[in-house]
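User: Please take a close look at the helical part of this assembly that carries a database annotation. Please then continue to the contacts between the chains and between the domains.

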Amino acid sequence: MGEFKVHRVRFFEYLPSAIRALAFNKDSERMAVARTDGAVEIFNFSDNYFQEKVIPGKDSRAAETLCWLHHRLFAAGLNGEITEYDLENLKPRSSVETFGGPVWTIGCNRQGTMLAAGCENGTVKIFEVQEEKIQLQRSLERQKGRILSLSWHPSGAQLAAGTMDMIRIFDVQTGCATHRLLVDRGVGTCRNREVVVWSVLFLSDRTVISGDSAGKVQIWDGATGTLIRTHLVTKWDVLALAVSQDESSVIAGTSEGTVVQFQFLPSTMGQQEKEWVRTRTFKNHSHDVRALIHTDTAVVSGGMDTQLVVRPLLDKVEKNTQESSMRKILFPHKPLVDCAHRAGLLLFQFTDHLELWRLGESEGQGKPGESLPVKKKPEKLIHLKKKGDDHICSSALSSCGGWLVFSTICSVRLYRVQLSNNTVSLTKVSKLPRILCWAHQLCFSADSSRLFAAGARSSVHVFSLSQSECKHIHTLRPKSGSRQPLHLLCVSQDGHWLAAANTDCEVTVYDLKTMKLHCTVPVYSSCPTAMAFHPVYNNLLMTHADQQLSEFSVQQRSYTEWSRALHRRGLHPLWLKRDTPVTHITFNPTNPAHILLHDTYMFCIIDQTLPLPDEKSVLFNQMMLRSLPESERMRHSHAFKICKNFQNILCFDLLEDQSLVVVERPLLDIMSQLPAPVRQKKFAT
Amino acid sequence: HTCTCKCVNTYELYCSKSFSITLTWLAVSLFVKKEAEMSSFSLNSSDDEAPEEVTFEESKSDALRCLKETLNTVRREKEQLKEKRRRRQELFQEQKVVFLFLSGFILEEDDWFYLTTSCFVSLKGNYKVATLKEDTAASYQQRAAQDFIQSRLYGPGSCRTTSEFLIGASCHRRV
């Protein structure tokens, strides 16, 4: 493999946002995740939990609650508006004012005809769902306290709403509250404070289940308005509840980070009478669990520790398989770091600003694993803040380091960067073509003469760059006319070819010399997660969400021989079991047989001249090879050279001077900046 | 004459200019008449001396002079009042600008981002006022809601520790 000097970068102070709400669309198997910074992410649960789309957030517009209605996604927050998102253009489509103050919760009825919103002023507003929008129909009887949670009865005729100190059951037709379920306050000092009903569920047999700030999960008979059973689950708050589709299992998320399961079972064997019995407890989080979803096979939770955890229920899945392992999604599935290979610069993308850093220099050589003395420290050159409330959704840095671009949902900013030994200057390109108003993917050509921006409906706008000007040359469109957004964009080294991939798993290759569509890669069922053109042969290398690898020859319009051999042999089981996607692929210009790629926990150099591993070979064999004498090594080597020395990798790239850059974000650094967790007394601490 | 002037001043306060002039004339003519009467009285009563010869022209010019003086005084006072009002208005405008500035509005000449017509304040000079953030009842409610959540989850009685403590505890347990 050879020896490389590695720039180990830990100064990217990336901080993910806490998860505030989850919503699962059973038909499309898409999970929507709302974060406290206002961003909404869409994960495809049927494609290895790949993060397909990210709708950027906005200052002071954070979603408190999400709701799917068929294929439409609605969110509402403390700004008092219900927003519908445009999932094709990744931005809000329309907003409706509720006139009830901040909105704490929304929910759709099973029929998909009405949407209810629980407001700060104590009203539940009912909206009629129409084709293009939602229309306020009526308000239910006003309550004294704010409405923090609500749940529709499956029939759509009744609604349960959690407020301060009580739960109200409403008749939707008349708008009147029919039952009042009084929730006990906590003991001791808590008696002086109102108890908050954070979450409520209304089941088809008229059972109401509530979770409150006194740490109780209570089971009520919604028909008579009486309390059946109380379970004291935690000393802190029960923040979220979720029920399975068949209503046999309910899960409760607490401030301690635990998820407690209740199942509707006969309490003793042989008995016909069933009741809600506490069964399992999962401790998947270190901080408060604020959102929960109960799918058919798993418990999905998210909260203040920013991690999305999928915990399969072992009685629903086959044990000891890929399906049964717990998944923790920590980092975004698209790169936030761009590297200028020739200039040795790094661009870090945050939601509200960009940072441009120059890498440091070291001297001398060393043995593998040794740290080299630093001659020059890495330097932050530019700290560029966004203007306005909208968050940055994409950015790019040219290979020479001379051009920098970023986009929000309403504007694009392009800058010329001039670096000399001691000075840095940033000049904004003021007059941009009108068509360059927003792009969720941006990419520069290798020679920095062109800028490519993803537009609506999988189109790509091509711009030419000169000293201080940017001109629109052409717009490339795919044949399929897909309305889905592009999530990957790459250009070949010689500037001849452009590849664009969208969330419909379509990869289109365009010829930049003729500005025409060249070919479409055969559609593979799993979405591509990274792609790059080989610098010499111009083959398009792609990785997919299911960890498959493929190499497509653009000239021949078919997969390469190597790719076919790989498909025939099959990838090593340990490679396929990896639970984080490959987010970046690059090559070594001095060694055309090498492919460099990485995921969150490893980076890998694939040597196409070496034999492919079969399922019996040891995949992670680098340590073993090092211990062997040199004559023996060739016999045991295979193509995949994996290094696991670095953790939480956000970027892995090769600079022009043959040194590697690894940007790490240690989890402990993130954890130390999270909000306060609850104080738990643990044995021996 | 002093009496006449006093009379005029009192009238000026309550009446319009033209009216006051008419009244002044009346007052003057009455007074002159009265004076004449009074002089005749004094003639009849005790003195044998002949009355002072005061021609109509003289008294007319006196009255006119007096009138002019009072009109000038009135005009001066009016102007003073006007000046006072103008200065007060200017002071209020300046105070308003300072108030807007302190409340988070900024004065910008060219590069202003978003304005609503209701925000326009016409000021002297080439300045326009642009709001940075709308401080409305809605945002007040939003802040109250955020405070509620913050106090319930992180406020007093929430029994929280620090993330560092949590990391330390987990490291300790691993050991």
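Analyst: **The annotated segment and the contacts**

In this predicted model, residues 64-94 of chain B are 100% helix and 0% strand, with the C-alpha atoms at the two ends 45 Å apart. For these residues, an unreviewed UniProt entry lists a "coiled-coil region".

Chain B also meets chain A, in a contact formed by 25 residues from chain B and 38 residues from chain A. Together the two chains bury about 2,700 Å², and 60% of this area lies on carbon and sulfur atoms. The interface holds 1 salt bridge: B:R160 pairs with A:D288, and their closest N and O atoms are 2.7 Å apart. On the side of chain A that touches chain B there are 19 nonpolar, 9 polar and 10 charged residues. Polar contacts across this interface amount to 9 residue pairs.

Within chain A, the domain assignment gives domain 1 (19-237) and domain 2 (238-329). Their centres, taken over C-alpha atoms, are separated by 19 Å, and the contact draws 39 residues from domain 1 and 35 residues from domain 2. The area buried between these domains is about 3,000 Å², 66% of it from carbon and sulfur atoms. The count here is 2 salt bridges, and 9 residue pairs are in polar contact. Several elements give two or more residues to the domain 1 side, among them β2 (19-25), β3 (30-35) and β21 (226-232) of chain A. The largest share, 6 residues, comes from β2(A). By class, that side divides into 21 nonpolar, 9 polar and 9 charged residues. Elsewhere in the description of chain A, A:D296 and A:K26 form a salt bridge, at 3.3 Å from N to O.

Note on methods
Residues numbered from 1 in each chain as written. Chains lettered and ligands numbered in written order. Predicted model: local features only at pLDDT ≥ 70, side-chain atom pairs only at ≥ 80, totals over all residues. Heavy atoms only, no water. Contact = heavy atoms within 4.5 Å. Buried area = accessible area lost by both parts, 1.4 Å probe. Salt bridge = Lys/Arg side-chain N within 4 Å of Asp/Glu carboxyl O. Polar contact = N/O pair within 3.5 Å; in protein donor to acceptor, adjacent residues only side chain to side chain. Nonpolar A, V, L, I, M, F, W, Y, C, P; charged D, E, K, R; others polar. UniProt positions renumbered as here; feature names shortened; annotations may be inferred. Helix = DSSP H or I, 4+ residues; strand = E, 2+ residues; numbered from the N terminus. Domains from an automatic or database assignment.
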